Amino acid sequence: RIVSGEIYFEGENLLEKDEKEMREIRGNKISMIFQDPMTSLNPIMTVGEQIEEVISLHEDLSKEQLRKRAEEMLETVGIRKERFDDYPHEFSGGMKQRVVIAMGLACNPKLIIADEPTTALDVTIQAQVLELMKELKVKFNTSMLLITHDLGVVAETCDYVSIMYAGSSLEYGSVDRIYNNPLHPYTIGLFNSIQS
């Protein structure tokens, strides 16, 4: 339930849109990469079918075209197209996250919202996934809104940062400015609480 505020995207307040209009935007213009790939994928559908499903909601393609696009998306995120018919349990955590990224990018959205996309991954795989996301952001010419508590990930990935507390933005600016010259006492305390 949204009690107040506005959400502007491409000059329009999304809160004024009806459900039909929002279905056109979700997954198509704005896409989501969820926190836990283990629970983001349907265990009884192949990974290829799940990518096809995202595309079919927004594009009118034949079954052959859908499969070809889904295979291309798998290869874009570093998974061989021959894995199209494999199920999520046949993939490692990092590979599942790559599938979720492929689903998020399948319709070439203008904005991707990534909620803690590397939380469940070990440090090596986390670095690979973050590098992949940075490369694909450029390749697909899309913007990314990253939600995370990991300040190292922010420093590596983001151009701008907003420090949030209790649902409010306390401080906003370039990563360089915030990290080198924090102004708000909460931000200063946050940086003082971690090792440099």
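In which sense do strand β6 and strand β7 pair, and over how many bridges? Keep that in mind while you get oriented. The model is predicted.

**Whole chain**

Show the full chain as a cartoon. Its secondary structure comes to nine helices and seven strands. The C-alpha trace spans about 55 × 40 × 30 Å along its principal axes. The chain has 196 residues and a radius of gyration of 18 Å, which agrees with the value near 16 Å for a compact globule.

**Stop 1: the hairpin**

Select residues 160-165, strand β6, and residues 168-174, strand β7. Here is the reply to the opening question: the two strands pair in the antiparallel sense, over six bridges. Pick I163 and look across to β7, where E171 is its bridge partner. Now go to the turn. Two residues lie between the strands of this hairpin. Click A166: its phi is positive, near 50°.

**Stop 2: the open sheet**

Select β3, β4 and β5. These three strands form an open sheet in the order β3-β4-β5, and the pairing is parallel. The edges are β3 (30-33) and β5 (143-147). Each has a single partner strand, so one side of each is left without a neighbour in the sheet. Look along the strands for the twist. Neighbouring strands are turned by 20° against each other on average, direction ignored.

Zoom in on strand β4, residues 111-115. Five bridges join β4 to β5, and the two run parallel. Show I112 and find M144 opposite in β5. Then add α5 to the view. This helix packs on the sheet and touches β3 and β4. The direction of α5 makes about 175° with that of β3.

**Stop 3: α5 and α6**

Keep α5 (residues 93-105) on screen. Add helix α6, residues 123-139. The axes of α5 and α6 come within 10 Å and cross at roughly 15°. An angle under 35 degrees counts as roughly parallel, and that makes α5 roughly parallel to α6. The crossing is right-handed.

Show side chains next. From α5, take G94, Q97, R98, I101 and L105. They meet I125, Q128, V129, L132, M133 and L136 in α6. By class, this contact has seven nonpolar, three polar and one charged residues.

**Stop 4: α5 and α3**

Hide α6 and bring in helix α3, residues 47-56. The axes of α3 and α5 come within 8 Å and cross at roughly 20°. These two helices are therefore roughly parallel to each other. Again the crossing is right-handed. On α3, the contact is made by V47, Q50, I51 and V54; on α5, by V99, A102 and M103. What classes of residue make up the contact of α3 with α5? Six are nonpolar, one is polar and none is charged.

**Stop 5: α3 and α4**

Leave α3 in place and select helix α4, residues 63-76. The axes come within 9 Å and cross at roughly 115°. That makes α3 roughly perpendicular to α4. α3 passes α4 in a right-handed crossing.

Light up the contact residues. On α3 they are V47, G48, I51, E52, I55 and S56. On α4 they are K63, L66, R67, R69, A70, M73 and L74. By class, the contact has seven nonpolar, two polar and four charged residues. Finish on V47 and I51 of α3: both take part in the contact with α5, and both take part in the contact with α4.

Technical notes: Residues numbered from 1 in each chain as written. Predicted model: local features only at pLDDT ≥ 70, side-chain atom pairs only at ≥ 80, totals over all residues. Heavy atoms only, no water. Axes fitted to C-alpha atoms, helices over the stretch in contact; angles between N-to-C directions. Helix = DSSP H or I, 4+ residues; strand = E, 2+ residues; numbered from the N terminus. Parallel < 35°, antiparallel > 145°, perpendicular 65-115°, else oblique. Left-handed = near helix turned anticlockwise from the far one by under 90°. Contact = heavy atoms within 4.5 Å. Nonpolar A, V, L, I, M, F, W, Y, C, P; charged D, E, K, R; others polar. Pairing = 2+ DSSP bridges. Rg over C-alpha atoms; globule rule 2.2 N^0.38 Å.
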